[in-house]
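The following exercises are to be worked through with the sequence and the structure at hand. Each task is followed by a solution in steps.

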Amino acid sequence: AFGVALVGVLFSYGGWQHASFLAGEVKNPTQNVPKAMITGALVVIIIYILINISFLSLMTIPEIAGSRKLAADAVGRVFPFGGAIVAATIAVSTLGTIGIYTLTTPRVVYAMAESGIFFKGLAKVHPKFRTPMNAIILQGVWSIALLLFWGTFAELVTYCTFADWIFYSLGAFSIFIFRRRMTESSTGYRTPWYPVTPLIFFFIGVWFVINTLISMPLQSGAGLVIILIGLPVYFWFKKNRKS
């Protein structure tokens, strides 16, 4: 149950990785990207702790457990139109999140296409705005398809978070591979308290992925199938690029 509850928590804390997507356009990325990630994560942690303290101050534990719209119910204890306030806040937050994903995620698709490991047409840049237009369109179409397929936000969150954390865990594990291949002086990056911090991150990620796969097999299984389909596609593109 703790692991299942973490699906929503980890989805809510997600976003720190998007700073790395723009590393190629950041001045002094070796310092500024980690600063952005750490500062952003700390701000979000503080905000979430304060929000939870507010909930606990306004409602009892049984009331919190039984609420289907906790934020609206809690704010409603202070203001009679609390539901409207929360709905407006969620709308603004959603628009902000859409903006972040539109600016960052298509650049991953664009970079893959430019490197020859995805369809070349997705590397096309808009002649006026200099944005990866085809990658943005693909992401929009795929997002709509996922919404129509899953139908509910909760199922979509589980599907996305499960897939995300497979790659976050692999990313943490890759640090050990890069440490073998490169020296710290050649990359300019350090991992504080190595190897403890990446190991903690990796094992928590693996535990979460396995737990979600067992507890919510439909959503996590769908994410796993999509990833497995992507493997032969990736190797096909990689082989063609070499040839």
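A residue is called buried when its relative accessible area is under 20%, exposed when that area is over 50%, and partly exposed in between. The model used in these exercises is predicted.

**Exercise 1. Backbone angles**

Task: Determine where Arg-130 is found, and whether Arg-130 is buried or exposed.

Solution.
Step 1. Arg-130 belongs to the loop between α6 and α7.
Step 2. The relative accessible area of Arg-130 is 56%, so Arg-130 is exposed.
Step 3. The phi angle of Arg-130 is positive, about 60 degrees, although Arg-130 is not a glycine. For comparison, most residues other than glycine have a negative phi.
Step 4. Asn-28 also has a positive phi, near 50 degrees. Asn-28 is located in the loop between α2 (18-21) and α3. Because its relative accessibility is 39%, Asn-28 counts as partly exposed.

**Exercise 2. A peptide bond**

Task: State which peptide bond joins Tyr-194 and Pro-195, cis or trans.

Solution.
Step 1. Omega is about 5 degrees for the bond between Tyr-194 and Pro-195, and this bond is cis.
Step 2. Most peptide bonds are trans.
Step 3. Pro-195 has its place in the loop between α9 (184-187) and α10 (196-215).

**Exercise 3. Salt bridges**

Task: Find how many salt bridges a search of the whole structure gives, and describe the partners.

Solution.
Step 1. The search finds two salt bridges. The cut-off is a side-chain nitrogen of Lys or Arg within 4 Å of a carboxyl oxygen of Asp or Glu.
Step 2. One pair is Arg-77 and Glu-63, whose closest N and O atoms are 3.2 Å apart. Arg-77 lies in the loop between α5 (70-76) and α6, while Glu-63 lies in helix α4 (residues 61-66), so this pair ties together parts that are 14 residues apart in sequence.
Step 3. Arg-77 is partly exposed, because its relative accessible area is 45%. Glu-63 is likewise partly exposed, at 33% relative accessibility.
Step 4. Lys-69 and Asp-73 form a salt bridge through their side chains, at 3.9 Å from N to O. With 53% relative accessibility Lys-69 counts as exposed, whereas Asp-73 at 27% counts as partly exposed.

**Exercise 4. The cavity**

Task: Identify which helix gives the most to the lining of the largest cavity.

Solution.
Step 1. One cavity of 30 Å³ or more is found in the whole structure, and the volume of the largest cavity is about 70 Å³.
Step 2. Its lining includes Leu-10, Phe-11, Tyr-101, Thr-161, Asp-164, Trp-165 and Tyr-168.
Step 3. At least two lining residues come from each of α1 (2-13) and α8 (153-181).
Step 4. The helix that gives the most is α8, with four residues.

**Exercise 5. A nonpolar patch**

Task: Name residues of the nonpolar patch on the surface, and locate Ile-49.

Solution.
Step 1. The patch is formed by Ile-38, Leu-42, Ile-45, Ile-46, Ile-49, Leu-50 and Ile-53, which together have about 650 Å² of accessible area.
Step 2. Ile-49 is in helix α3 (residues 29-58).
Step 3. Because its relative accessibility is 46%, Ile-49 counts as partly exposed.

**Exercise 6. Contacts and distances**

Task: For Thr-212, decide between buried and exposed, then list what Thr-212 touches.

Solution.
Step 1. Thr-212 lies in helix α10. Its relative accessibility is 1%, so Thr-212 counts as buried.
Step 2. Leaving aside residues up to four places away in sequence, Thr-212 touches Val-7, Thr-158, Phe-162, Pro-217 and Ser-220.
Step 3. Val-125, in the loop between α6 (82-114) and α7 (133-150), is partly exposed with a relative accessible area of 23%. With the same residues left aside, Val-125 touches Tyr-110, Arg-130, Thr-131 and Met-133.
Step 4. Val-125 and Val-209 are 84 residues apart along the chain, and their C-alpha atoms are separated by 36 Å. Thr-30 and Arg-190 are 160 residues apart in sequence, and 9.4 Å lies between their C-alpha atoms. Thr-30 belongs to helix α3 and is partly exposed, with a relative accessible area of 31%.

Key: Residues numbered from 1 in each chain as written. Predicted model: local features only at pLDDT ≥ 70, side-chain atom pairs only at ≥ 80, totals over all residues. Heavy atoms only, no water. Patch = residues over 30% accessible without salt bridge, like charges linked within 9 Å, V, L, I, M, F, W, Y side chains within 5 Å. Areas by Shrake-Rupley, 256 points an atom, 1.4 Å probe, with all protein chains shown as cover. Buried < 20%, exposed > 50% of the residue type's maximum accessible area, 1.4 Å probe, protein only. Contact = heavy atoms within 4.5 Å. 1 Å grid on protein atoms, 1.4 Å probe; cavity = no way out; pocket = protein on both sides within 12 Å on 5 of 7 lines; lining within 4 Å. Points joined across faces, edges and corners; volume = space filled by probe spheres on them.
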